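Q: Could you take me closely through the loop that leads up to the ligand site, and then through the surroundings of that site? I would like the reasoning behind any call of buried or exposed to be spelled out.

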Amino acid sequence: MTTPEVTVPRFIRACRRQPVDATPVWFMRQAGRYMPEYRALRQNYTLLQLCRTPDLATEVTLQPIQRIELDAAIIFSDLLLPLEPMGIPFDFVKGEGPAIETPLRTEADIDRTRMFEPREALGYVLQAIRQVKAALPAEIPLIGFAGAPFTLASYAIEGGHSNNFALTKTLMYQHPAAWHRLCEKLSTIVGDYLVAQIEAGVDVVQVFDSWVGALNSADYREFVLPHTQRIFAAVAGRVPTIHFGTATGSILRDMRDAGGDVVGADWRIPIDEAWTRIGTDRGIQGNLDPTLLFGPTDRLAAAAEDILARVAGRPGHIFNLGHGILPGTPVEHVQYLAQLVHRHVIA
Ligand code: CP3
C-alpha cells in the first residue's frame, strides 16, 4: 500500500516553481494599522510590547488570516529587533517611525557593536513562532523574516528613515573596511537568527532589503552582495527563501546572484520584465502598487489582472504588493484582491 502524499501548500509549491491550482497570495504588512482589531490592541500596548509578548504577537499574526483569504502568515515582529542586543537601542516614535538612540557614525561606534545569541536575546520571537505554528492550519505556512545588511545598517547609521541614505553611503565610501566589518556582523547575526526561526518552525524565510534600491549595480556587488550571500548560505537547503527590495529594477540580477529561491519586485517595473531580469529559473513575488488598494476597485482589479496576464501561468509566481499595505487601506479591498487572485484561472 502506498502512503497518501501529504498535500504541499500552494505557497510552498510556488516557491519551488511547481504548478499550482490558484496563484498564492499574501501581503507584506498584512497585520497592522489598517485592521481595526490591530488598532484596538495598540490602544493598550506599544508596538515593541506586541513584538515582545508571544501571546500578543501570536494574536496579531493570526488576525489577517481570520479575515482574508491568505496563503501564508508572516510572524508579527519587526526588522529592527536585532539592533538592541547588538548594543544599538531604539524606540518607535508616534508618527515618525523608528528612532535609534545613538546612531553609528564612526569606526569606533561600529566596533563597539556586539554579537549575540538570538535564541536568548530574541527568544520571544521564537516562542511566538512556536505558538503561531501550533494555531495555524496545516495548509497555511508561516513566513519568518529578517533584515538584510544594507537596510539594517541604514537604520543604525541614519538613526531612522532617510530619503537619500547620505550618511550610510558616505560611511560606505569613506570607510569601506569598517562598513564591511559591520555588514559581516549583521549578516552573521541575521543568518543565525533565521536558522533559529527555522528551528522554531517557520516554513519559509524572507530577507527584507527594503532600501537597497538606493545603490547601483557596481556598489551593490562591492558593498552588499557578499554579505547578503552569507545570509542565504546560512539557511541553504532548509526552507524556501524570498529576497525582497524596492526600487531595485536595475539590480534585480545582482539580488538574484546574492540569493533567494524567489526574488521580490515592486510596481516600478512590469512583472514580466522583472522576471526576465531575475531569470526564470527563480520564482518571483509581486508586484501591485499598494496605493491601488485605496480604490477605485475597477482600477485595482485591472492592475491585478494585468500582473496575472503578464505572468501568464508560469509556475513560480507569488502574488503580493510591491511594498507593505499602507495605513488607512480599506480591509474590504484587501479581501477583494485576495479573492480576485484566487479566482483567476491559471492558463
Ligand atoms: O505583517 C507583517 O508584514 C509583519 C510585520 C512587520 C512589521 N515590520 C511590523 C510593524 C514586518 C515584516 C516589518 C518589517 C519592517 N520593519 C521593515 C521591512 C519591510 C518594509 O516595510 O520595508 C522595515 C523597514 C521595518 C522598520 C519599521 N518598523 C519602520 C520603518 C516602521 C515605521 C513605519 C510605519 O509603517 O509606521 C516600523 C513600525 C512597524 N512595524 C509597524 C508594524 C505593524 C507600524 C506599527 C504601529 O505603529 O503600530
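**The loop and the ligand site**

A: In this predicted model, R17 is placed in the loop that runs between α1 (10-15) and α2. The backbone of R17 has a positive phi of about 60 degrees, although R17 is not a glycine. Most residues other than glycine have a negative phi. R17 is called partly exposed because its relative accessible area is 36%, a value that falls between the limits of 20% and 50%.

The loop between α1 and α2 also holds R29, and R29, again not a glycine, has a positive phi of about 60 degrees. With a relative accessible area of 54%, R29 is exposed, because the cut-off for that word is over 50%. That call should be read with some care, because the relative area is worked out with protein chains only, and R29 is named among the closest residues around the ligand.

This leads to the ligand itself, which sits in the largest pocket. It is surrounded by 22 residues, and the closest of them are R29, R33, R42, S210 and H323. By type, the residues of this shell divide into 13 nonpolar, 5 polar and 4 charged. As for secondary structure, helix α2 (36-42) and strand β3 (97-100) each supply at least two residues of the shell.

Three polar approaches to ligand oxygen can be described in detail. In the case of R42, an N or O atom of the side chain is 2.5 Å from an oxygen atom of the ligand. For H323, the side chain likewise offers an N or O atom, here 2.6 Å from an oxygen atom of the ligand. With A31 the backbone takes part, since one of its N or O atoms lies 3.2 Å from an oxygen atom of the ligand. Taken on its own, the ligand has 870 Å² of accessible area, and the protein covers 88% of this.

For comparison with these surroundings, D71 offers a second set of polar contacts. D71 lies in the loop between α4 (54-67) and β1 (73-74), and D71 counts as buried because its relative accessibility is 7%, against a cut-off of under 20%. The side chain of D71 reaches the backbone nitrogen of V25 at 2.8 Å, and a polar contact of 2.6 Å joins the side chains of D71 and H342.

Another buried residue is I129, which has its place in helix α7 (residues 123-135) and counts as buried because its relative accessibility is 0%.

Finally, two peptide bonds deserve a look when the backbone is inspected. Most peptide bonds are trans. Between G286 and N287, however, the bond is cis, with omega at about -5 degrees, and N287 lies in strand β8 (residues 283-288). A cis peptide bond also joins G295 and P296, where omega is about 0 degrees, and P296 lies in the loop between β8 and α14 (297-311).

How values were computed:
Residues are numbered from 1 along each chain as its sequence is written. This is a predicted model: local features need pLDDT of at least 70, side-chain atom pairs count only at pLDDT 80 or more; totals for chains, interfaces and linings use all residues. Side-chain values use heavy atoms; hydrogens and water are left out. A residue is near a molecule or strand if one of its heavy atoms lies within 4 Å of it. A polar contact is a pair of N or O atoms within 3.5 Å; within protein, one must be able to donate a hydrogen and the other to accept it, and residues adjacent in sequence count only if both atoms are side-chain atoms. Accessible areas come from the Shrake-Rupley method with a 1.4 Å probe; for residues, only the protein chains shown count as cover. On a 1 Å grid over the protein atoms alone, a cavity is a set of points where a 1.4 Å probe fits but cannot get out, and a pocket is an open set with protein on both sides within 12 Å along at least five of seven lines; lining residues have an atom within 4 Å of a point. A molecule sits in a cavity or pocket if more than half of its atoms lie within 2 Å of its grid points. Helices (H or I, at least four residues) and strands (E, at least two) are DSSP runs, numbered from the N terminus. Ala, Val, Leu, Ile, Met, Phe, Trp, Tyr, Cys and Pro count as nonpolar, Asp, Glu, Lys and Arg as charged, and the others, Gly among them, as polar. Buried means under 20% relative accessible area, exposed over 50%, partly exposed in between (1.4 Å probe, protein chains only).
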